[in-house]
Amino acid sequence: MKLRESGMPAQDYWETLFDVPRILDAFGFDAATGDVAELGCGYGTFTVPLAQRIRSRVFALDLDSEMVAATRQRATAAGVRNVEADVRDVLAEGFGVPLGSCDAVLLFNILHGEEPVTLLRRASETVRPGGLVAVIHWRSDIVTPRGPSLAIRPRPAEIAAWAASAGLAADGESFLLPPWHYGHKLRRPG
Ligand SMILES: C[S@@+](CC[C@H](N)C(=O)[O-])C[C@H]1O[C@@H](n2cnc3c(N)ncnc32)[C@H](O)[C@@H]1O
């Protein structure tokens with residue numbers, strides 16, 4: 001099922017809304033990072049820069065075949081070979097990689113969808129013990145140029161509560177990712 005309010009504006013506009021290197025730095029992704037799975041890769045905005053800084057694979061999953069095609073094309077254009085992009089309904093089917101096999105999962109701009117605790121559980125079972133579930137979302141304490149409606153936009157405290165229900169531990173407080181986002185580092189208990 002396509003998660004609510006998960007459609008995308010034009011790529012050029014979308015990509016003015018993030019400081020991608022700063023976000024990837026904030027989660028500590030580097031050459032030592034193992035495999036990463038991403039729910040809803042969209043245009044590959046984070047996928048390809050991430051793949052360029054790690055040596056392992058990025059499993060980029062999206063329900064929308066056009067988004068998967070865009071991500072594959074972008075990886076090819078960048079000469080990046082460690083992106084495996086596939087069409088998949090992650091809510092219904094999970095990430096499709098062996099359980100506990102990834103160092104990290106990305107849940108970027110997606111936790112406003114239905115069943116956030118299910119998504120967090122799926123992410124938790126996908127990472128190894130001690131692995132990272134990296135979350136970013138739109139702030140709701142300021143006016144933002146984009147983002148889901150405020151009625152379904154999760155606040156940091158809600159994400160923390162959902163994470164606890166999914167058995168994930170907070171690795172520090174939520175933090176700001178200017179200009180429009182905040183992030184959470186969540187960990188599968190080791
Ligand atoms: C708001 S976009 C975010 C894209 C990307 N994470 C980013 O931040 O640039 C959400 C993406 O999730 C995808 N999506 C929605 N429901 C999904 C599902 N059930 N399984 C996999 N992908 C899904 C949409 O097609 C869309 O590309």
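This report walks through a predicted model, from one of its strands to its ligand and on to a few chosen residues.

## Strand E1 and its neighbours

A good place to begin is strand E1, which covers residues 36-39. In a regular strand the side chains alternate between the two faces of the sheet. Here, Val 36 and Glu 38 point one way, while Ala 37 and Leu 39 point the other way. Are these residues buried or exposed? All of them are buried.

E1 has pairing partners to meet as well. It pairs in the parallel sense with strand E2 (residues 58-62), over 4 bridges. Within that pairing, Leu 39 has Leu 61 of E2 as its bridge partner. Strand E4 (residues 102-108) also runs parallel to E1, and 3 bridges join the two. There, Glu 38 is matched with Leu 106 of E4. Helix H3 (residues 47-53) comes into the picture too: E1, H3 and E2 make a right-handed β-α-β unit.

## Around the ligand

Next comes the ligand, which has 23 residues around it. Which of them come nearest? They are Met 1, Trp 14, Gly 40, Asp 62 and Asn 109.

Polar atoms from both side chains and backbone take part here. For Trp 14, a polar side-chain atom lies 2.9 Å from an oxygen atom of the ligand. For Leu 63, a backbone N or O atom lies 3.2 Å from a nitrogen atom of the ligand. Phe 108 has a polar backbone atom that is 3.0 Å from a ligand nitrogen atom. Taken alone, the ligand exposes 600 Å², and the protein buries 99% of that.

## Asn 109, beside the ligand

Asn 109, one of the residues that come nearest to the ligand, sits in the loop between E4 and H6. Its relative accessible area is 10%, so Asn 109 counts as buried. The side chain of Asn 109 makes a polar contact of 2.9 Å with the side chain of His 181. Leaving aside residues up to four places away in sequence, Asn 109 touches Trp 14, Phe 18, Phe 46, Ile 136, His 137, Trp 138 and His 181. Trp 14 therefore turns up twice, as a contact of Asn 109 and among the residues that come nearest to the ligand.

## Helix H6 and Ser 124

Helix H6 spans residues 116-126. Why is H6 described as largely enclosed by the rest of the structure? Because 8 of its 11 residues are buried. They are Pro 116, Val 117, Leu 119, Leu 120, Arg 122, Ala 123, Ser 124 and Thr 126. These buried residues pack against E1, helix H5 (90-93), E4, strand E5 (127-138), helix H7 (156-165) and strand E8 (181-187).

Ser 124 gives a closer view of H6. Its relative accessible area is 9%, so Ser 124 is buried. Not counting residues up to four places away in sequence, Ser 124 touches Val 133, Ala 166, Leu 168 and Arg 188.

## Leu 177 in strand E7

The last stop is Leu 177, found in strand E7 (residues 175-177). Is Leu 177 buried or exposed? With a relative accessibility of 3%, it counts as buried. Its contacts, again without residues up to four places away in sequence, are Ile 23, Ala 26, Ile 136, Tyr 182 and Gly 183. Among these, Ile 136 is 41 residues apart from Leu 177 along the chain, and 8.3 Å separates their C-alpha atoms. Ile 136 is also touched by Asn 109.

Note on methods. Residues are numbered from 1 along each chain as its sequence is written. This is a predicted model: local features need pLDDT of at least 70, side-chain atom pairs count only at pLDDT 80 or more; totals for chains, interfaces and linings use all residues. Side-chain values use heavy atoms; hydrogens and water are left out. Buried means under 20% relative accessible area, exposed over 50%, partly exposed in between (1.4 Å probe, protein chains only). Two strands pair if DSSP finds at least two bridges between them. A crossover is right-handed if, with the strands pointing away from the viewer, the path from the first strand over the helix to the second runs clockwise. A residue is near a molecule or strand if one of its heavy atoms lies within 4 Å of it. A polar contact is a pair of N or O atoms within 3.5 Å; within protein, one must be able to donate a hydrogen and the other to accept it, and residues adjacent in sequence count only if both atoms are side-chain atoms. Accessible areas come from the Shrake-Rupley method with a 1.4 Å probe; for residues, only the protein chains shown count as cover. Contact means heavy atoms within 4.5 Å.
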